[in-house]
Amino acid sequence: SATLAVLSDVHLDRPFRWAGPGVGRKLRLSLREAFATAVELAAEREVDAFLLPGDIYEHEHYAPDTAAFLRDQLAALHPMPVLVAAGNHDHLVPQSIWAQTDWSPNVTVFEIDRWQAVELEDGLTLWGISHGLVSGTPNLLAQLQADGDGVDLAVFHGSLRSGAPNLDPQATHAPFDE
């Protein structure tokens, strides 16, 4: 059986405007350290795949060195598969880090218009899809057509409707039900 590591909603380079520049800088550094620690743990535990289902960085605020930081961290996991499903804050557009960076061969960034399958091992398929929008992404699970043989897992960034019943529908991203 496969062992997976999952890390999402890191929001590298979040501005933390409320905290002021000095504290904001320390908080952003802490986010990078936490990401690096997660990568180290995945390597130490020799997981079968490292999954990043969205909002790893903030597209509107990323620092000039964020792409190199992510590239180097994920390359350190080679040959472990790293599967990226861009979220609404790090959505996959031509200007995004996910589209602009020369990733090591172990990194797969899922596309926006269709679910892609990655067979992790015999009988285990991981399906992934990325956001192409900051908001308004429809229910992505409604589009998934898994083959039904073995175990199929979906890797994506979304909002569980029952988890936030009072949330404004416009604030949900790729809403889905249990």
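Here is a friendly set of questions and answers about this predicted model.

Q: Why is Phe35 called buried or exposed, and where does it sit?
A: Phe35 is placed in helix α1. Its relative accessible area is 1%, and buried means under 20%, so Phe35 counts as buried.

Q: What makes Phe35 stand out in the largest nonpolar core?
A: That core has 30 residues, and Phe35 is among those that touch the most other members, together with Phe50, Leu52, Leu70, Leu74 and Trp98. Two or more residues each are given to this core by α1 (20–44), β2 (49–52), α2 (66–75), β3 (82–84) and α3 (97–100). The largest share, 5 residues, comes from α1.

Q: How far apart are Phe35 and Leu70, along the chain and between C-alpha atoms?
A: Along the chain they are 35 residues apart, while their C-alpha atoms are separated by 9.1 Å.

Q: How do you know whether Val39 is buried or exposed?
A: Val39, which also lies in helix α1, has a relative accessibility of 5%. The cut-off for buried is under 20%, so Val39 counts as buried. In sequence, Val39 and Leu7 are 32 residues apart, yet the distance from C-alpha to C-alpha is 9.4 Å.

Q: Why is the contact between Arg32 and Asp13 called a salt bridge?
A: The N to O distance between their side chains is 3.5 Å. A salt bridge needs a side-chain nitrogen of Lys or Arg within 4 Å of a carboxyl oxygen of Asp or Glu, so this pair qualifies. The two partners come from distant parts of the chain, 19 residues apart: Arg32 is in helix α1, and Asp13 is in the loop between β1 (4–6) and α1. Both Arg32 and Asp13 are buried.

Q: What makes Asp65 and Arg32 a salt bridge?
A: Their closest N and O atoms are 3.0 Å apart; the limit is 4 Å, so the pair counts as a salt bridge. Asp65 belongs to the loop between β2 and α2, and Arg32 in helix α1 is 33 residues away along the chain. Salt bridges that share partners join Asp13, Arg32 and Asp65 into one network.

Q: Why are Asp65 and Arg32 given different labels, one buried and one partly exposed?
A: Asp65 has a relative accessible area of 41%, and Arg32 has 14% relative accessibility. Under 20% is buried, over 50% is exposed, and in between is partly exposed. Therefore Asp65 is partly exposed, and Arg32 is buried.

Q: How do you know that Glu58 and Arg14 form a salt bridge?
A: The closest N and O atoms of this pair are 3.1 Å apart, and the cut-off is within 4 Å, so the contact counts. Glu58 is in the loop between β2 and α2, Arg14 is in the loop between β1 and α1, and 44 residues separate them along the chain. At 8% relative accessibility Glu58 is buried, whereas Arg14, at 31%, is partly exposed.

Q: How many salt bridges are found in the whole structure?
A: A search of the whole structure finds 5. In general, side chains of opposite charge can pair when their charged atoms come close.

Q: Why is Asp149 called exposed, and what does it belong to?
A: Its relative accessible area is 58%, and exposed means over 50%, so Asp149 is exposed. Asp149 is part of a patch of negative charge on the surface, where it gathers with Asp48, Glu119, Glu121, Asp122 and Asp147. It is found in the loop between β6 (124–128) and β7 (151–155).

Q: What makes the backbone at Phe16 and Asp55 worth a look?
A: Most residues other than glycine have a negative phi, and most peptide bonds are trans. Phe16, in the loop between β1 and α1, has a positive phi near 50 degrees. Asp55, in the loop between β2 and α2, has a positive phi of about 60 degrees. With relative accessible areas of 13% for Phe16 and 2% for Asp55, each falls under 20%, so both are buried.

Q: Which peptide bond is cis, and what is its omega?
A: The bond that joins His78 and Pro79 is cis, with omega about 10 degrees. Pro79 is in the loop between α2 and β3.

Definitions and conventions. Residues numbered from 1 in each chain as written. Predicted model: local features only at pLDDT ≥ 70, side-chain atom pairs only at ≥ 80, totals over all residues. Heavy atoms only, no water. Patch = residues over 30% accessible without salt bridge, like charges linked within 9 Å, V, L, I, M, F, W, Y side chains within 5 Å. Areas by Shrake-Rupley, 256 points an atom, 1.4 Å probe, with all protein chains shown as cover. Lys, Arg positive; Asp, Glu negative; His and termini not counted. Charge placed at Lys NZ, Arg CZ, Asp CG, Glu CD. Helix = DSSP H or I, 4+ residues; strand = E, 2+ residues; numbered from the N terminus. Buried < 20%, exposed > 50% of the residue type's maximum accessible area, 1.4 Å probe, protein only. Core = buried A, V, L, I, M, F, W, Y, C linked by side-chain atoms within 4.5 Å.
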